[in-house]
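This briefing introduces the interior of one protein model to a first-year reader. Please consult the sequence and structure shown here while reading the points that follow.

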Amino acid sequence: GIVLAAGASTRMKKQKLLLPYKGTTVIKAVISNALPALKKNMIVVLGANRNEISKEINNSQINLVENWNYQEGMLSSVICGLNALPVNARAFLVFLGDQPQITSDVTFKVIDAYKNSGKGIVIPAFKKKRGHPVLIDHKYKPEILQLDPMKGLRQLLEKFSDDIYEVECGRPEILRDIDTPQDYRFETEITN
């Protein structure tokens, strides 16, 4: 699992990953929801506010890596995490650090679909809309390293659309992230 936690939270005007969420923080909720399915195989990619976020995580089972080029966009963090994967990794999941509402059952469904579908890319869906976390077979690493940073992983999904399996998970949370104060209020109101 690669958790993208490098962004500067410019629309929030403060570091959203450190905001309170269900008795913890946004980033700690993302990690604790993802860990059961990952068997402790997790990388968190840090960038902006890396010192504060790493102190908040404070978990020796998680590999923290620093993306010094985080201003170049999300793909730079994906590549940073990809380069930190163990050599025996068959696939990886990309989690957004601002989706604390995604529960581990979604991750288990995505992993099971990867094991059973024979497809190299598995994406959770809600009513035919794609969300996160996205699972990508390690065979796509060379392709990802060549992608245009401005277009991101979308290019991979377009180029290899015949190798995508969408797994319906019945959870609208996979479509929502927390970018603005309004998003944060919405997520905290519906979880209380």
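**Nonpolar cores and buried charged residues**

The largest nonpolar core comprises 32 residues, and those with the most contacts inside it are Ile 27, Ile 31, Met 42 and Val 44. Two or more residues each are given to this core by β1 (2–5), α1 (26–38), β4 (42–46), α2 (50–57), β6 (91–96) and α4 (104–117). The model is a predicted one.

*The cores*

- Helix α1 provides the largest share of the largest core, namely nine residues.
- Beyond its neighbours within four places in sequence, Met 42 is in contact with Gly 1, Val 3, Ile 31, Ala 34, Leu 35, Ile 62 and Asn 63.
- Another core, of 26 residues, lies apart from the largest one and includes Ile 2, Leu 4, Val 45 and Phe 160.
- In soluble globular proteins, nonpolar side chains tend to be buried together.

*Glu 187*

- Glu 187 is located in helix α7, which covers residues 181–191.
- Glu 187 counts as buried because its relative accessibility is 1%, under the 20% cut-off.
- The side chains of Glu 187 and Arg 176 are joined by a polar contact of 2.4 Å.
- Not counting residues up to four places away in sequence, Glu 187 touches Tyr 21, Gln 101, Arg 176 and Ile 178.

*Lys 16*

- Lys 16 is placed in the loop between β1 and β2 (20–21).
- Lys 16 has a relative accessibility of 12% and therefore counts as buried.
- A polar contact of 2.9 Å links the side chains of Lys 16 and Asp 179.
- Residues up to four places away in sequence aside, Lys 16 touches Ser 9, Val 26, Asp 98, Ile 178 and Asp 179.

Conventions
Residues are numbered from 1 along each chain as its sequence is written. This is a predicted model: local features need pLDDT of at least 70, side-chain atom pairs count only at pLDDT 80 or more; totals for chains, interfaces and linings use all residues. Side-chain values use heavy atoms; hydrogens and water are left out. Helices (H or I, at least four residues) and strands (E, at least two) are DSSP runs, numbered from the N terminus. Buried means under 20% relative accessible area, exposed over 50%, partly exposed in between (1.4 Å probe, protein chains only). A polar contact is a pair of N or O atoms within 3.5 Å; within protein, one must be able to donate a hydrogen and the other to accept it, and residues adjacent in sequence count only if both atoms are side-chain atoms. Contact means heavy atoms within 4.5 Å. A nonpolar core is a set of buried Ala, Val, Leu, Ile, Met, Phe, Trp, Tyr and Cys residues joined through side-chain atoms within 4.5 Å.
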